[in-house]
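This report describes a protein structure through its charged pairs, its strands, its nonpolar core and a few notable backbone angles. Please keep the sequence and the coordinates at hand while reading.

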Amino acid sequence: MDGERDMMEKPEYGERGMISLLGVCALGILMFFAATLYAVGMSRNAAVQRFLVQDELRNGAEDGVRLAVSKMNGDSATVTRAEGAASDGMLLITGQTGEVDFEVYARNKGDKILLLSVGKKDGNQSRAVGVLKRKNGKYIIEHWER
């Protein structure tokens with residue numbers, strides 16, 4: 001009778017080992033999925049950070065164009081310099097908005113003036129171009145070039 005009991009217990013021990021093996025495999029699969037989700041999350045965070053930096057740079061460049069228009073409408077010497085920039089772009093103003101440095105270049109194209117602003121921060125840069133038109137003695141941004 002003791003031999004029969006030993007024979008009956010052997011498959012039970014084998015099943016316990018198989019369940020442990022299946023549990024370890026299941027944990028390995030869960031760890032793989034967790035690592036994949038972590039990697040995807042980190043990639044997404046990096047993409048969001050790049051977007052925020054580019055957005056800040058573009059906003060800084062657009063602010064440069066707006067400040068140049070404001071300065072042109074208040075200072076006739078700036079208007080004369082912008083209207084005189086017939087060939088290559090001429091540096092009109094420089095400044096900083098937030099943490100972004102910008103440089104605004106002007107170029108006269110007949111009845112319109114193009115203002116190219118370059119926003120720079122930490123070795124990155126972005127550009128914005130505003131097309132100005134004179135209306136009622138003041139310059140306004142007719143449209144933005146993308």
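In this predicted model, aspartate 63 forms a salt bridge with arginine 66, and the closest N and O atoms of the two are 3.4 Å apart. Both residues belong to helix H1, where they stand three residues apart, which corresponds to about one turn of the helix. Aspartate 63 counts as partly exposed at 27% relative accessibility, and arginine 66 likewise counts as partly exposed, at 41%.

**Further salt bridges**

The structure holds nine salt bridges. Side chains of opposite charge can pair when their charged atoms come close. Arginine 134 and glutamate 83 form one such bridge, in which the closest N and O atoms are 3.1 Å apart. This pair links distant parts of the chain, since arginine 134 sits in strand E4 and glutamate 83 in helix H2, 51 residues apart. Arginine 134 is partly exposed, with a relative accessibility of 44%, and glutamate 83 is also partly exposed, at 35%.

Glutamate 103 and lysine 120 meet through their side chains in another salt bridge, at 3.6 Å from N to O. Because glutamate 103 lies in strand E2 and lysine 120 in strand E3, the pair ties together parts that are 17 residues apart in sequence. The relative accessible area is 24% for glutamate 103, which is partly exposed, and 34% for lysine 120, which is partly exposed as well. In addition, Glu56, Glu99 and Lys121 are linked in a network of salt bridges.

The three individual pairs are set out below.

| Salt bridge | Closest N to O separation |
|---|---|
| Aspartate 63 and arginine 66 | 3.4 Å |
| Arginine 134 and glutamate 83 | 3.1 Å |
| Glutamate 103 and lysine 120 | 3.6 Å |

**Strand pairing and hairpins**

The strands that carry glutamate 103 and lysine 120 are themselves paired: E2, spanning residues 100-109, and E3, spanning residues 112-121, run in the antiparallel sense over nine bridges. Within this pairing, lysine 109 has lysine 112 in E3 as its bridge partner. E2 and E3 form a hairpin with two residues between them, and glycine 110 in the turn has a positive phi of about 75 degrees.

On E4, which covers residues 124-135, E3 finds a further antiparallel partner, and that pairing extends over ten bridges. Here the bridge partner of serine 117 is alanine 128 in E4. E3 and E4 also form a hairpin with two residues between them.

The loop between E3 and E4 contains aspartate 122, whose phi is near 55 degrees, a positive value in a residue other than glycine. Aspartate 122 counts as exposed, with a relative accessibility of 68%. Asparagine 136 likewise has a positive phi of about 55 degrees although it is not a glycine, and its place is in the loop between E4 and strand E5, the latter comprising residues 138-145. At a relative accessible area of 77%, asparagine 136 is exposed.

**The nonpolar core and its surroundings**

Which residues have the most contacts inside the largest nonpolar core? That core has 15 residues, and those with the most contacts inside it are Met72, Leu92, Ile113, Leu115 and Leu132. H1, helix H2 (76-83), strand E1 (90-97), E2 and E3 each supply at least two residues of this core, while the largest share, four residues, comes from H1.

Leucine 92 offers a view of the core's environment: beyond residues up to four places away in sequence, its contacts include Ala68, Met72, Ala82, Val104, Ala106 and Leu115, together with Thr78, Arg81 and Tyr105. Threonine 78, located in helix H2, touches Lys71, Met72 and Leu92 when residues up to four places away in sequence are not counted. Is threonine 78 buried or exposed? Its relative accessibility is 1%, and threonine 78 therefore counts as buried, the cut-off being under 20%.

**A nonpolar patch on the surface**

Nonpolar side chains also appear at the surface, where Met18, Leu21 and Leu22 form a patch with about 310 Å² of accessible area together. Methionine 18 has its place in helix H1, which spans residues 2-74, and methionine 18 is partly exposed, with a relative accessible area of 47%.

Definitions and conventions: Residues numbered from 1 in each chain as written. Predicted model: local features only at pLDDT ≥ 70, side-chain atom pairs only at ≥ 80, totals over all residues. Heavy atoms only, no water. Pairing = 2+ DSSP bridges. Patch = residues over 30% accessible without salt bridge, like charges linked within 9 Å, V, L, I, M, F, W, Y side chains within 5 Å. Areas by Shrake-Rupley, 256 points an atom, 1.4 Å probe, with all protein chains shown as cover. Salt bridge = Lys/Arg side-chain N within 4 Å of Asp/Glu carboxyl O. Buried < 20%, exposed > 50% of the residue type's maximum accessible area, 1.4 Å probe, protein only. Core = buried A, V, L, I, M, F, W, Y, C linked by side-chain atoms within 4.5 Å. Contact = heavy atoms within 4.5 Å.
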